[in-house]
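Let's take a walk through this model together, going from a helix to a ligand site. Have the sequence and the 3D view ready as you read.

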Amino acid sequence: MAEPGPAVRRRSRPARKRSRAPVQLRAAASPLACKRLSPSVEEASAEPPVWAAGGECTNDSEEDMFGDYDSFYGNDSLLAQVDDMEQVYLQDKDMDIKAAGEFMLGNLQSGTDQRKQSDFSTSENAAGHKAERDDGFQMNENDLIDNKEEPGDFILEDLPSSQFLYLEEMDELSSASRKSAGMERIDNYMNSCLDKISSPSFCHVAEHREGNTEFPMVSKCDLSKRESLKDHLKSAMTGNAKAQTPLVSKTKQLKEAILSEEICVARKTIESSSDDIGPFYGLPSKVKDLLRQFRGIETLYEWQHDCLTLESLHQRKNLIYSLPTSGGKTLVAEILILQELLCRQKDVLMILPYVAIVQEKVWGLSSFGVELGFLVEEYAGSKGRFPPIKRRIKNSLYIATIEKGHALVNSLIETERIDHLGLVVVDELHMLGEGSRGAVLEMTLAKILYTSKNTQIIGMSATLNNVGDLQKFLQADYYTNNFRPVELKEYIKIRDTIYEVDGKAENGFTFSRLLSFKYSSNLEKADPDHIIALVTEVIPKYSCLIFCPTKKNCENVASMVCKYLNKEFRAHREKEKKDLIKNLKTIGNGSICPVLKHTIPFGIAYHHSGLTNDERKSIEEAYSAGVLCLLACTATLAAGVNLPARRVILRAPYVAREFLKKNQYKQMIGRAGRAGIDSAGESILIVQEKDKQLVQDLVNSPLENCYSNLLPEFTKGIQSLLLSLVGLKIAVTLEEIYSFMCHTLLGVQQQLLSKEKSLLDIIKEGVENLIENGLLKGKISEKDDNSQSILAITQLGKATYKGSIDLAYCNALYRELKKGLEGLVLESNLHLLYLATPYDMIYNCNPDWMIYLRQFNQLSAAEQRVADIVGVPESFITKKASGQAIRKNMDSAIINRLYLSFVLYTLLKETNVWSVSEKFNMSRGYVQSLLTSAASFASCVLHFCEELEEFWVYKALLTELTKQLTYCVKAELIPLMEVAGVLEDQPK
Ligand SMILES: Nc1ncnc2c1ncn2[C@@H]1O[C@H](COP(=O)(O)OP(=O)(O)OP(=O)(O)O)[C@@H](O)[C@H]1O
Ligand SMILES: [Mg+2]
């Protein structure tokens with residue numbers, strides 16, 4: 001295996017490939033199940049990310065334009081246990097089951113790679129299957145012996161789940177009636193194997209180990225578990241078997257031969273740097289076919305051709321390119337990515353701003369991966385392996401969020417593999433100027449630039465202004481063009497008049513028309529901004545997005561519009577809307593938000609971070625399919641999303657209470673008129689008289705500049721960077737650090753950003769601060785020239801860095817853990833939960849004091865002592881609940897943290913996000929992200945403790961807690977857990 005990573009590598013999970021076979025198959029059973037389960041499946045193989053700082057944070061703020069960014073979440077202990085238990089069982093006894101597992105692996109694997117395909121549909125019996133399986137796996141096993149570092153090239157467990165999804169879809173497409181007799185035999189064979197797999201003896205490992213070879217009597221519950229697993233596996237097997245159609249193999253083989261020949265030519269072309277750029281920009285002509293087939297793209301836009309044939313790219317220089325929204329920027333990046341993967345045979349990292357977009361892209365490119373022979377690996381949410389598996393045969397495209405991209409780069413630097421990263425593509429490059437994510441993106445790019453001279457960087461955005469600074473930072477050339485395939489008309493509305501935004505007009509806009517819709521006085525009162533008039537001009541025939549400043553506002557707008565729509569709107573795609581409501585009810589365990597229940601029949605919904613992830617996905621899908629025609633959303637839907645919108649309405653020029661920035665405005669209106677989806681697009685910004693001047697300034701102003709966030713985001717920015725530079729040994733002397741920092745965006749903009757202090761002073765201060773806080777050791781003094789003296793990371797520094805703890809909290813965390821050593825209340829997990837409650841979440845929390853008191857009163861006496869120990873006395877809660885004034889200054893961080901640990905405590909007991917959100921009067925989206933974030937933070941704290949000997953006792957406790965939290969997050973994993981009987985051990 002690859003060199004073990006720090007901390008987390010201690011857990012050994014031998015031969016996971018076999019133990020996970022049933023899981024993979026379960027995932028492959030249906031696209032939906034597959035979609036839901038795949039994160040967890042990946043997670044089982046994912047090492048927790050320990051390379052990035054500040055990882056525990058999850059943002060639920062609607063003030064943040066890109067609120068849905070990634071959080072570090074990567075715990076696999078529960079799944080590891082599943083793996084381990086299965087493995088113990090498999091190794092111990094039943095070789096038939098092992099054979100079945102491998103057989104299944106072989107089956108799926110052959111679906112993955114037709115070249116290794118064996119037509120098992122003609123197999124005669126179980127032994128025959130096994131023999132074929134052995135043949136099929138001969139090469140794999142050899143390969144494992146050959147190169148232990150990269151088993152992932154052959155075994156199923158390491159094939160990215162995205163490509164399973166693609167294969168699964170192909171399976172679905174293949175004829176359902178082609179079930180051969182051989183396949184039925186496979187069913188029978190599987191039945192017998194599965195009976196064994198799911199037997200109680202499999203579930204109860206200990207029992208089995210004691211030599212109990214007879215299957216004991218099974219309980220009803222065991223039986224039903226067994227059946228469900230069996231059904232899943234059977235249907236997966238059937239699906240996979242169907243895909244093994246020999247009918248296409250000859251043509252397929254021929255096509256593959258042509259493809260590999262073309263790749264060979266392309267590779268040679270690239271190597272010889274000749275001007276002949278091959279059939280399709282140095283790529284096999286198959287790529288062109290695939291673009292036509294999967295995207296409906298017949299020809300490239302002129303600018304795309306110009307850009308791809310730039311001399312800069314020919315010379316492999318870094319490049320920034322900028323075009324209006326919907327200009328088709330992605331395609332250029334994708335062609336460059338394919339060149340790197342196929343012709344230069346290097347890995348590629350693609351960084352996208354948030355989880356949903358990463359998932360969309362993984363889905364979109366997996367088909368290309370399968371057809372062209374590269375791997376697509378998702379690094380978002382709970383997914384991602386650090387360091388990634390070394391691949392020998394195929395190259396990997398890592399598609400990552402900013403945070404995961406950073407962690408991935410750190411892991412590649414640490415394992416000295418950064419050189420194999422040939423290309424890094426950053427979409428929405430203007431994100432460099434966006435708070436802590438901007439800082440993380442800057443660190444990532446600076447580290448790549450500094451450590452790997454051969455890695456090319458490509459950045460793109462629709463909203464860049466100070467390109468010069470960015471070019472200097474990235475040592476990049478620049479390409480720009482004004483092309484937008486679908487015309488976007490921009491309007492603003494003041495009272496009942498609509499003006500067209502016109503750069504040439506004196507005040508920036510000119511009269512366009514009066515609203516034609518006549519309002520009654522009642523309606524005027526209910527809808528003074530004439531939203532109904534504006535939306536009914538387009539819906540239900542076309543789609544419409546309304547950006548609203550707050551979450552509450554989204555819900556109000558959606559409800560209000562429905563109230564005044566006539567009944568005919570209900571008739572439009574009625575059945576599909578009913579299905580959507582049903583689906584949402586299933587997602588909510590029988591509950592559905594009353595607002596959605598009321599609005600969906602009209603084709604309308606709201607969309608914001610208060611929704612659970614599954615709800616959000618369902619709503620987006622329904623909107624994309626035209627079942628819903630209007631979404632009232634917050635700015636989270638603003639950037640990079642390809643949703644249909646004939647008209648985009650901005651309800652007000654605000655995001656929360658902040659006046660809209662120009663690039664936020666541009667991104668929002670850019671959702672209208674997407675190429676290939678709409679043939680026209682228009683935006684309408686609703687403006688009140690009082691804001692007229694500000695809006696005039698807004699439309700006339702240039703885009704905002706992009707400034708480094710390393711300084712403003714102190715602990716998540718420069719401090720975290722300095723710590724990781726030393727931790728990763730990228731730069732360990734002041735001189736080296738200075739040389740590194742000169743090449744950051746902060747280095748480029750230092751005179752602008754810090755007038756009083758030089759960059760060297762900033763660095764010295766930062767390093768001193770880290771030394772004072774016990775995170776670094778070494779000497780930096782004013783007098784001596786210490787630029788050569790070597791800095792090292794301390795144990796606390798290492799713990800902070802390996803645990804991805806935000807530097808702002810590492811000392812507090814240390815103190816609280818230390819205090820816990822003196823008297824941890826272990827009657828329940830409340831005290832531990834408190835320690836694992838993420839600091840980042842406490843700022844979005846406003847305790848309801850009556851609920852606080854009620855929850856406190858429900859605790860046992862020992863549990864109540866936890867409140868006292870952490871510093872929230874009962875008298876304080878009582879006084880607050882009765883509205884009395886309190887003189888003593890209390891630490892609100894501790895108060896909120898305890899409150900959130902009550903939420904988590906209740907969640908662990910009830911495992912129902914809906915009922916807990918009602919109990920605590922919080923949105924279900926918030927409760928869900930608290931839980932995810934806590935699962936992640938618990939694992940971060942565990943890694944923190946692993947580096948500090950004095951906290952040895954926490955290791956076992958936190959491992960268990962992380963498992964419980966993870967279990968709660970992954971409630972949909974229940975069928976998976978049945979496999980190893982883990983369920984019985986979980987809290988009820
Ligand atoms: N050559 C082409 N022919 C037809 N459609 C194209 C072409 N290139 C891109 N498109 C389509 O145009 C749409 C918008 O492209 P894309 O998402 O790349 O825009 P973008 O420039 O990244 O916009 P944004 O800045 O808003 O993210 C996509 O649906 C894409 O498939
Ligand atoms: Mg884009």
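Helices here are DSSP runs of H or I with at least four residues, numbered from the N terminus. Keep in mind as you look that this is a predicted model.

With that numbering in hand, start at helix 13, which spans residues 285–295. Which of its residues are buried? They are Lys-286, Val-287, Leu-290 and Leu-291. These four sit on the same side of helix 13, because they cover an arc of only 145° around the axis. The spacing fits a general rule: an α-helix has 3.6 residues a turn, so residues three or four places apart point the same way. Follow the chain just past the end of helix 13 and you meet Gly-296, whose phi is positive, at about 70°.

Now turn to ligand 1. There are 20 residues around it, and those that come nearest are Thr-299, Ser-326, Lys-329, Thr-330 and Arg-674. By type, the shell around ligand 1 is made up of seven nonpolar, nine polar and four charged residues. Helix 16, residues 329–343, gives the largest share of this shell, with three residues.

Zoom in on the polar contacts next. Ser-326 uses its backbone here: an N or O atom of it is 2.7 Å from an oxygen atom of ligand 1. Arg-671 places a polar side-chain atom 3.1 Å from an oxygen atom of the ligand, while for Tyr-301 a polar side-chain atom is found 3.2 Å from a nitrogen atom of ligand 1. How much of the ligand's accessible area does the protein cover? On its own ligand 1 has 640 Å², and the protein covers 88% of that.

Methods
Residues numbered from 1 in each chain as written. Chains lettered and ligands numbered in written order. Predicted model: local features only at pLDDT ≥ 70, side-chain atom pairs only at ≥ 80, totals over all residues. Heavy atoms only, no water. Buried < 20%, exposed > 50% of the residue type's maximum accessible area, 1.4 Å probe, protein only. Helix = DSSP H or I, 4+ residues; strand = E, 2+ residues; numbered from the N terminus. Arc of directions from axis to C-beta. Near = heavy atom within 4 Å. Polar contact = N/O pair within 3.5 Å; in protein donor to acceptor, adjacent residues only side chain to side chain. Areas by Shrake-Rupley, 256 points an atom, 1.4 Å probe, with all protein chains shown as cover. Nonpolar A, V, L, I, M, F, W, Y, C, P; charged D, E, K, R; others polar.
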